[in-house]
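Opening the notebook on this one. I want to go through the strands, the cores and one helix in turn.

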Amino acid sequence: INHEPKTFTNHNYDLVADIIQSENHFLTFRETKEMWNYDKCEGIYKPLAHTLIEESCQKMIQKCKRSAVLEVIDTIKRNKTMIYMKDLLESDHINTQNGILDPITFMLKPHSPEYLTYTKLPFSVNFNARNLKLWNHILTIIDVKDINLIMELIWLGISKNNPFKKMFVFKGETNTQKSTLADMIVWIIGNANVSREKPEQYLSKGSRFSTSKFIGKRMNIASEIGNFDEEMLENQKSLVGAELQNTERKSDNTERYFDPTKFVFLYTTNKLGKLYSSIDDASVITRFQFLIFRNQLADDDTNGQWYDTFFDNDDDKKSAIDTIVNIVINYKKAQSLGNIPKTKWSNIADTKAILDEEMPIEDKYFKDERITEKEGEQLTITQIKDDFKSFVGYKVDAQMMGNIMKKHGYVSKKSNGETIYKGLMFNVVADDVLSNFS
C-alpha cells in the first residue's frame, strides 16, 4: 500500500480501514471469518489476507497497537466482503494464464476480482496455436475413434463440469502408454488441480475424510481398479453416482460438500478384475466410460523420460499444450452451435460389449453358464477340469481348478476320495468330457 508512513493514530482505524480496502479486494467467509485478498499479478484470490492488513497497519499507524489492528480487520470484514465459502471454493470460473474463459460463449475475458477463483489452469488460451506434435502423439496411443472421448475428458477437467457423472477407465496391457496419456492430461489441467489419492484412502469403509482431499480439485487419477474388492467397488459406484456429499477435513469441522458433477475419476489399469461381474446394474454401467489401449510398445521402445527429447524446449511444450486446448475449445464451441453432433458416450450395450471383449477367458467360462444348477445332479472336479481345459485351451490340475471354483462361489465336498460339487450339471457338454464316459 503506497501511503505516507506513520500518518495515522490508533484512533484513526476507520480511516486506515477505508484506505486499505480502497486499494485491495477482500473476501471474508461467513462460516469461518477467514479472509482472502485478490492478487492482481496472478489473477486469483489468496488466503491469509489478515497478514497483509496487519503489515499495512504497522506502516500507517504511529505506535500501532494490536487493538487498532483488530479494529481495522473487523471493519474491513464487515464492509461488503462477506461471502459463503462455496462461492469461492466451488467456483466454476475457468481461470487460465491469460484470462477467464467463458464456457458458454468460449470468449476470453480479462482477469478481474469479480471472478471469484483461487486456482488457475496452467495453459493460455491461444486461438492461433497450431503446434500439433503432442496432438499427433496422442493419436498414436489411443484408438483414433476414441479421440472425441479424450477431448471430453480434457474438457471435464478444464470446465470442472461432469453433468453425466462419468468416470473413465484406461484399460490396456503393459507398455500401452495409459499412464503417459494420463500424465499429458495432467500437464493440461495442472498438477495443483489434480489429486492422486490412492483408492484405499477414499473407498475405505466409514472414512469421514474420504472425499475431503478432492475439495478444490478437478480430477483424481489412480491405478489398477482391477484390484478392488467388492466393498471398494460398491463405494466407488456410490461415489460416482451420488448427489452432493458432506465431507470435512481433519481438525476442521467446517461442513463442505463433494459434488460428483464437478469432478472426474480416472483409472489406468492392466486388468479389470471383479469389474466384469460387479457393474451389471444398468444405472451403474452408464457411469463407466472405458477406453481400451491396444497399441503396445516393444520393451526396447519404452522410455519413461520420452518428453525430454520430444519437445525442443519449454516454449515448444507450452505451444503444443495450448494447441490441444485450442482444439478442445473449438470442438466444444462447434457442438454448442450445433455444427457437429454431441459426443456419443458408450451406452449400456457398448459397455457390456467392451467388458465381454476384455474379459479373461477363465471368467468367460463361468459367464457362459457352461455349469448350471440342478437338484440331484453332481459334477466331479475331474469332469469340470477337463471341460475347463477344452474351453480355455490349457491344462489345470485339480487343486488349481478347485481354487478357481472357490473364487466363483462354488462349494465342494469329498466323496470316496473325490472332490464333488452337488447340485451342478453341464449346460454344454464338451467332447472331451463325454469321452470320459465312452
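Before anything else, my terms: helices (H or I, at least four residues) and strands (E, at least two) are DSSP runs, numbered from the N terminus, and I call two strands paired if DSSP finds at least two bridges between them. I am working on a predicted model, where local features need pLDDT of at least 70 and side-chain atom pairs count only at pLDDT 80 or more, while totals for chains, interfaces and linings use all residues. Residues are numbered from 1 along each chain as its sequence is written, and side-chain values use heavy atoms, with hydrogens and water left out.

**Entry: strand E8**

I started with E8 and looked up its partners. E8 runs parallel to E14, with six bridges between them; across that pairing, phenylalanine 168 sits opposite glutamine 289 of E14. E13 is also parallel to E8, joined by four bridges, and here valine 169 faces tyrosine 267 of E13.

Is E8 buried or exposed? Six of its six residues are buried, so E8 is largely enclosed by the rest of the structure; buried means under 20% relative accessible area, exposed over 50%, partly exposed in between (1.4 Å probe, protein chains only). I checked the two faces: Met167, Val169 and Lys171 are buried on one side, and Phe168, Phe170 and Gly172 on the other.

**Entry: the cores**

A nonpolar core here is a set of buried Ala, Val, Leu, Ile, Met, Phe, Trp, Tyr and Cys residues joined through side-chain atoms within 4.5 Å. The largest one counts 47 residues, and Leu134, Ile158, Phe170, Leu181 and Met219 have the most contacts inside it. Elements giving two or more residues to this core include H5 (133–141), H6 (147–159), E8 (167–172), H7 (178–189) and H13. H6 supplies the largest share, nine residues.

I then pulled the neighbours of methionine 219, taking contact as heavy atoms within 4.5 Å. Leaving out residues up to four places away in sequence, methionine 219 touches Leu153, Ile185, Ile189, Asn193, Val194, Ser195, Phe263, Val264 and Leu266. There is also a second, separate core of 24 residues, with Ala222, Phe228, Phe263 and Phe265 among them.

**Entry: two open sheets**

One open sheet has three strands in the order E15-E17-E16, with antiparallel pairing. Its edges are E15 (371–380) and E16 (413–415), each paired on one side only. The twist averages 50 degrees from one strand to the next. E16 and E17 (residues 418–426) share three bridges, and lysine 414 has threonine 419 of E17 as its bridge partner. H16 (residues 381–392) packs on this sheet, touching E15 and E17, and its direction makes about 100 degrees with that of E15; axes are lines fitted to C-alpha atoms, for helices over the stretch in contact, and angles run from 0 to 180 degrees between N-to-C directions.

The other open sheet I looked up has three strands too, E5-E6-E7 in order and antiparallel. E6 (residues 99–101) and E7 are joined by two bridges, with isoleucine 100 opposite lysine 109 of E7.

**Entry: helix H13**

What should the 23 residues of H13 (residues 314–336) span? At 1.5 Å times one less than the number of residues, the expected figure is 33 Å, and the end C-alpha atoms are 33 Å apart, which agrees. Glycine 338 follows H13 and has a positive phi, near 80 degrees.
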